[in-house]
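Subject: Structure handover and notes

Hello,

Here is the structure you asked about. Please open it alongside this message.

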Amino acid sequence: MLKNFLIFLLFPFLLNSLELNILCTNNLEKNHNVDVKDLFVTIDTDSNKVELGGLSFYASEVNVTDTNISWFGENISLYSDSNGTVSGIIGRFSGDLVLDFIRYEDNQKSSLNFTCKRFRFKDRKF
């Protein structure tokens, strides 16, 4: 009886949370001059924690809809000498990821585009 009560109590929290682990690759023609070719992306909607490769931060806003997942983070340490904002959006049907970085120091905006899929260890190339 207690077990059923706990499952019933925790069930709404389990339905509303999302942990996404995806692998994104940079295959777009216009991005061939960018050094970032592969990127692991992890999003935890319970804690708003976003990991983009080696960049890990807590987003101030994470939105999950039927068609996409988006986030926005402020005052993120982008480089050792400057902070900025990070925003991103993933199309849930297309698998496309668009990342935007804005440095506070010079107000310069950089964008990266990726194609993403769920990460499976067996899909690695070597």
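Below are notes on the fold, the disulfide, the salt bridges and one loop residue.

Please keep in mind that this is a predicted model.

Overall make-up

The protein chain has 126 residues, and 33% of them count as buried. It contains 1 helix and 9 strands. The helix comes at the start of the pattern, which reads α-β-β-β-β-β-β-β-β-β along the sequence. The chain exposes about 9,000 Å², and carbon and sulfur atoms supply 55% of that area. Taking the contacts with a separation of 6 or more, 31% are between residues 24 or more positions apart.

The sheet

How are the strands ordered in the sheet? The order is S4-S3-S2-S1-S9-S8-S7-S6-S5, in an open sheet of 9 strands with antiparallel pairing. Strand S4 (55-58) and strand S5 (61-64) stand at the edges with a single partner strand each, so one side of each has no neighbour in the sheet. From one strand to the next, the twist averages 25°.

Two of the pairings can be described in detail, and strand S9 takes part in both. Strand S1 (residues 19-25) runs antiparallel to strand S9 (residues 109-118), and 4 bridges join them. Within this pairing, Leu23 stands opposite Lys117 of S9, and Cys24 has Cys116 of S9 as its bridge partner.

Strand S8 (residues 96-103) is also antiparallel to S9, with 7 bridges between them. Here Leu99 has Leu112 in S9 as its bridge partner. S8 and S9 form a hairpin, with 5 residues between the two strands. Asn107, in the turn of that hairpin, has a positive phi of about 55°.

When you look at the side chains, one general point may help: in a regular strand they alternate between the two faces of the sheet.

The disulfide

Which cysteines form a disulfide? They are Cys24 and Cys116, with their sulfur atoms 2.0 Å apart. The count for the model is 1 disulfide. The pair links distant parts of the chain, since Cys24 is in strand S1 and Cys116 is in strand S9, 92 residues apart. A disulfide is a covalent bond between the sulfur atoms of two cysteines. The torsion about the S-S bond of Cys24 and Cys116 is about 105°, so this disulfide is right-handed.

Are the two cysteines buried or exposed? Cys24 has 0% relative accessibility and therefore counts as buried. Cys116 is at 12% relative accessibility, so Cys116 counts as buried as well. The cut-off behind both calls is under 20% relative accessible area.

Salt bridges

The count comes to 3 salt bridges. In one of them, the side chains of Lys49 and Glu51 meet at 3.4 Å, N to O. Lys49 is partly exposed, with a relative accessible area of 27%, and Glu51 is partly exposed too, at 29%.

Arg103 takes part in a salt bridge with Glu105 at 2.9 Å, N to O. Arg103 also meets Asp106 in a salt bridge, at 4.0 Å, N to O. Arg103, Glu105 and Asp106 are thus linked in a network of salt bridges.

How accessible is each member of this network? Arg103 is buried, with a relative accessible area of 17%. Glu105 counts as exposed at 52% relative accessibility. Asp106 is partly exposed, with a relative accessible area of 42%.

A loop residue

Where does Val36 lie? Val36 is in the loop between S1 and strand S2 (38-44). At 32% relative accessibility, Val36 counts as partly exposed. Leaving aside neighbours within four places in sequence, Val36 is in contact with Asn26 and Phe114. Val36 and Thr25 are 11 residues apart in sequence, and their C-alpha atoms are 8.4 Å apart in space.

In brief

If you want places to start looking, try the Cys24 and Cys116 disulfide, the salt-bridge network of Arg103, Glu105 and Asp106, and the hairpin formed by S8 and S9.

Regards

Technical notes
Residues are numbered from 1 along each chain as its sequence is written. This is a predicted model: local features need pLDDT of at least 70, side-chain atom pairs count only at pLDDT 80 or more; totals for chains, interfaces and linings use all residues. Side-chain values use heavy atoms; hydrogens and water are left out. Buried means under 20% relative accessible area, exposed over 50%, partly exposed in between (1.4 Å probe, protein chains only). Contact means heavy atoms within 4.5 Å. Accessible areas come from the Shrake-Rupley method with a 1.4 Å probe; for residues, only the protein chains shown count as cover. Two strands pair if DSSP finds at least two bridges between them. Axes are lines fitted to C-alpha atoms, for helices over the stretch in contact, and angles run from 0 to 180 degrees between N-to-C directions. A disulfide is a pair of cysteine sulfur atoms within 2.5 Å.
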